[in-house]
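Colleague: Could you take me through one part of this model in some detail? I'd like to hear about the surroundings of the ligand, and then how that region ties in with the sheet.

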Amino acid sequence: MTMKPTWDSKIRKLLNDDLTSVREHLLRLDQESLYLRFGNTVTDAFLIQYVERMPDLDTVVFACCVDGAVRGVGELRRLGVGRDHEAEAAFTVERSFADLGMGTALMAAVINEARDIGVQDIFMCFELFNRRMRRITEKFQGLVSYDGRDCIGRVSIEAASRSGVRGLKAALMLPIGMTAIPALRPAQSE
Ligand SMILES: CC(C)(COP(=O)(O)OP(=O)(O)OC[C@H]1O[C@@H](n2cnc3c(N)ncnc32)[C@H](O)[C@@H]1OP(=O)(O)O)[C@@H](O)C(=O)NCCC(=O)NCCS
């Protein structure tokens with residue numbers, strides 16, 4: 001019998017200094033996971049550049065670590081001028097750590113962060129057949145709409161909070177001492 005790996009629910013908000021571990025995580029992902037995440041075939045060079053640009057895009061990054069290695073990442077990025085109360089979220093979990101609750105815990109962290117920074121709605125884009133993302137979206141009272149083979153998941157922070165995200169925060173994050181670390185900011189504004 002193959003043993004599933006375990007993890008200790010530890011989620012960290014990352015600083016710019018930690019981005020190397022995010023790059024390593026993305027470079028470890030299999031092609032299908034990368035396709036599901038980016039909606040296209042991507043190269044290592046793209047991933048390296050993508051991580052380098054994260055601070056400029058004002059992205060808040062959360063990570064699930066196992067034995068010091070980042071195995072899952074949740075990203076939250078505001079949509080920009082005129083859409084201050086909306087943000088985009090995206091998630092990646094390495095295949096050998098799937099279905100252990102990392103994606104759900106990362107979503108809880110992203111929702112808590114969104115609430116703290118005044119975001120009201122989070123959007124996620126994923127493929128129609130991405131059952132894991134649909135399941136996670138629905139766990140947080142999110143709505144899924146369809147556009148061909150793509151789905152847009154929308155999670156209202158208010159609805160998610162009402163339905164027990166605070167409970168999830170307590171269950172998944174607070175007991176293991178999640179520390180408040182400042183969000184990623186562009187290097188020049190630090
Ligand atoms: C989507 C992803 C982040 C989920 O991560 P994860 O850690 O496996 O997620 P969780 O374990 O928290 O939750 C997965 C849920 O889907 C369920 N699930 C798994 N396979 C399923 C299937 N075929 N049908 C329905 N539900 C399924 C699991 O049982 C679990 O639900 P549960 O907690 O109620 O049991 C991960 O699979 C991934 O990185 N995929 C590739 C990238 C991607 O798709 N990103 C999304 C773009 S935004």
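Modeller: Sure, starting with the ligand shell: its residues split into 11 nonpolar, 6 polar and 5 charged (Ala, Val, Leu, Ile, Met, Phe, Trp, Tyr, Cys and Pro count as nonpolar, Asp, Glu, Lys and Arg as charged, the others, Gly among them, as polar). Bear in mind that this is a predicted model, where local features need pLDDT of at least 70, side-chain atom pairs count only at pLDDT 80 or more, and totals for chains, interfaces and linings use all residues. Residues are numbered from 1 along each chain as its sequence is written.

In total, 22 residues surround the ligand, with Leu36, Met102, Gly103, Thr104 and Arg131 the closest (near means a C-beta atom, placed from the backbone, within 6 Å). At least two shell residues each come from α2 (31-38), β4 (86-93), α4 (102-116), β5 (121-127) and α5 (131-139); helices are DSSP runs of H or I, at least four residues, and strands runs of E, at least two, numbered from the N terminus. α5 gives the largest share, 5 residues.

Now the sheet: 7 strands make an open, mixed arrangement in the order β1-β2-β3-β4-β5-β7-β6, where pairing takes at least two DSSP bridges between two strands. β1 (11-13) and β6 (143-147) are the edge strands, each pairing on one side only. Both α4 and α5 come back here. α4 packs on the sheet, touching β1, β2, β3, β4, β5 and β7 (150-156), and its direction makes about 35 degrees with that of β3. Contact means C-beta atoms, placed from the backbone, within 7 Å; axes are lines fitted to C-alpha atoms, for helices over the stretch in contact, with angles from 0 to 180 degrees between N-to-C directions. α5 packs on the sheet too, touching β5, β6 and β7, at about 20 degrees to the direction of β7.

Key
Contact = placed C-beta atoms within 7 Å.
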